[in-house]
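Reader: I would like to learn how to read a helical model from its core outwards. Please take me through the features one at a time.

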Amino acid sequence: MSALQGSVTVLGRVLLATIFFMAAVGNKIPHFSQVASVMDTAGIPAPQLMLVGAIVVLIAGSLSVILGYKARIGAVLLLTFLVLASYYFHPFWKLEGQAQQEQMIHFMKNLSMMGAMLFIVANGSGPMSLDSWLHKRVTASADERRTFVQANVA
């Protein structure tokens with residue numbers, strides 16, 4: 001692993017997940033009532049409760065991916081959010097003309113982010129992540145215990 005690979009992986013996680021974090025803290029939290037109203041109009045049941053859930057998922061998932069801590073779980077959370085948001089808020093198949101084109105672009109953008117989340121689920125958070133650091137720490141501790149036992153048995 002090169003330092004460049006680790007740094008680029010961290011930058012990739014930050015760039016990928018920042019949109020979700022900012023959607024929660026920069027839009028959904030400060031405009032809670034308006035967002036809940038839009039969700040209600042879109043046919044989402046219990047929109048205020050679902051919005052609280054979405055905020056938790058967005059913050060937990062984005063921080064998980066950014067920090068690389070339980071990043072696979074964080075990516076699944078964000079993937080779930082993307083699937084639901086794409087279905088409810090970008091139904092290009094119900095539209096025509098310019099509106100259809102605009103919503104298809106948003107839908108396809110979400111598909112690309114879904115692909116990135118699946119990549120994290122399949123490959124983990126990479127080097128320079130809390131997951132990697134914790135794995136190395138646990139592995140080193142197991143090796144140290146093994147060495148200690150072998151030295152004291154002989």
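Author: Start with the core. This is a predicted model, and the largest nonpolar core in it has 24 residues, of which Phe20 and Met117 touch the most other members. Helices H1, H2, H3, H4 and H5 each give two or more residues to this core. H4 supplies the largest share, seven residues.

Reader: What is the general idea behind looking for such a core?

Author: In soluble globular proteins, nonpolar side chains tend to be buried together. Here, Phe20 is a good place to begin. Leaving aside neighbours within four places in sequence, Phe20 is in contact with Leu58, Ser62, Leu78, Phe81, Leu82, Met113 and Met117.

Reader: How do I read the length of a helix, and what does H5 show when its span is checked at 1.5 Å a residue?

Author: Compare the end-to-end distance with the expected one. H5 has 27 residues, so its expected span is 39 Å, and its end C-alpha atoms are 39 Å apart, in agreement. H1, residues 3-28, has 26 residues and reaches 36 Å from its first C-alpha to its last, close to the expected 38 Å.

Reader: Where does H1 bend?

Author: The bend is at Ala17, and its angle is about 40°.

Reader: How should I read the pattern of buried residues along a helix?

Author: An α-helix has 3.6 residues a turn, so residues three or four places apart point the same way. In H1, the buried residues are Gly6, Arg13, Leu16, Ala17, Phe20, Ala24 and Lys28. They pack against H2 (32-41), H3 (47-67), H4 (71-89) and H5 (97-123).

Reader: Which residues are buried in H5?

Author: Gln103, Phe107, Asn110, Met113, Met114, Met117 and Ile120 are buried in H5. The elements that cover them include H1, H3 and H4.

Reader: One of the buried residues of H1 is a lysine, Lys28. How far is Lys28 from the nearest side chain of opposite charge?

Author: That side chain is Asp40, 16 Å away, and Lys28 has no salt bridge although it is buried. Not counting residues up to four places away in sequence, Lys28 touches Ala23, Val35, Leu51, Ile55, Leu58 and Phe81.

Reader: Ala23 is on that list. Is Ala23 buried or partly exposed?

Author: Ala23, in helix H1, has a relative accessibility of 22% and therefore counts as partly exposed, since buried means under 20%. Ala23 touches Lys28 and Leu58, not counting residues up to four places away in sequence.

Reader: How do I compare separation along the chain with separation in space?

Author: Take pairs of C-alpha atoms and set the two separations side by side. Ala23 and Lys109 are 86 residues apart in sequence and 15 Å apart in space. For Asn110 and Leu82, 28 residues apart along the chain, the C-alpha atoms are separated by 6.2 Å. Ala99 and Phe119 are 20 residues apart along the chain, with 30 Å between their C-alpha atoms. Ala99 is in helix H5 and is partly exposed, with a relative accessible area of 35%.

Reader: Why does Asn110 count as buried?

Author: Asn110, which is found in helix H5, counts as buried because its relative accessible area is 4%, and the cut-off for buried is under 20%. Asn110 touches Leu82, Ser86 and His90, not counting residues up to four places away in sequence.

Reader: The last feature is backbone angles. Where is the residue with a positive phi that follows H5?

Author: That residue is Gly124, with a phi near 80°. A positive phi can also be looked up in residues that are not glycine. Ala46 is one of these, with a positive phi of about 45°. Ala46 sits in the loop between H2 and H3 and is partly exposed, with a relative accessible area of 43%.

Reader: What is phi of Met128 near, and in which loop is Met128 placed?

Author: Phi of Met128 is near 55°, a positive value in a residue other than glycine. Met128 lies in the loop between H5 and H6 (130-153). Its relative accessibility is 48%, so Met128 counts as partly exposed.

Notes
Residues are numbered from 1 along each chain as its sequence is written. This is a predicted model: local features need pLDDT of at least 70, side-chain atom pairs count only at pLDDT 80 or more; totals for chains, interfaces and linings use all residues. Side-chain values use heavy atoms; hydrogens and water are left out. Helices (H or I, at least four residues) and strands (E, at least two) are DSSP runs, numbered from the N terminus. The expected span of a helix is 1.5 Å times one less than its number of residues. The bend at a residue is the angle between axes fitted to the seven residues ending there and the seven starting there. Buried means under 20% relative accessible area, exposed over 50%, partly exposed in between (1.4 Å probe, protein chains only). Contact means heavy atoms within 4.5 Å. A nonpolar core is a set of buried Ala, Val, Leu, Ile, Met, Phe, Trp, Tyr and Cys residues joined through side-chain atoms within 4.5 Å. Lys and Arg count as positive and Asp and Glu as negative; His and the chain ends are not counted. A salt bridge is a side-chain nitrogen of Lys or Arg within 4 Å of a carboxyl oxygen of Asp or Glu.
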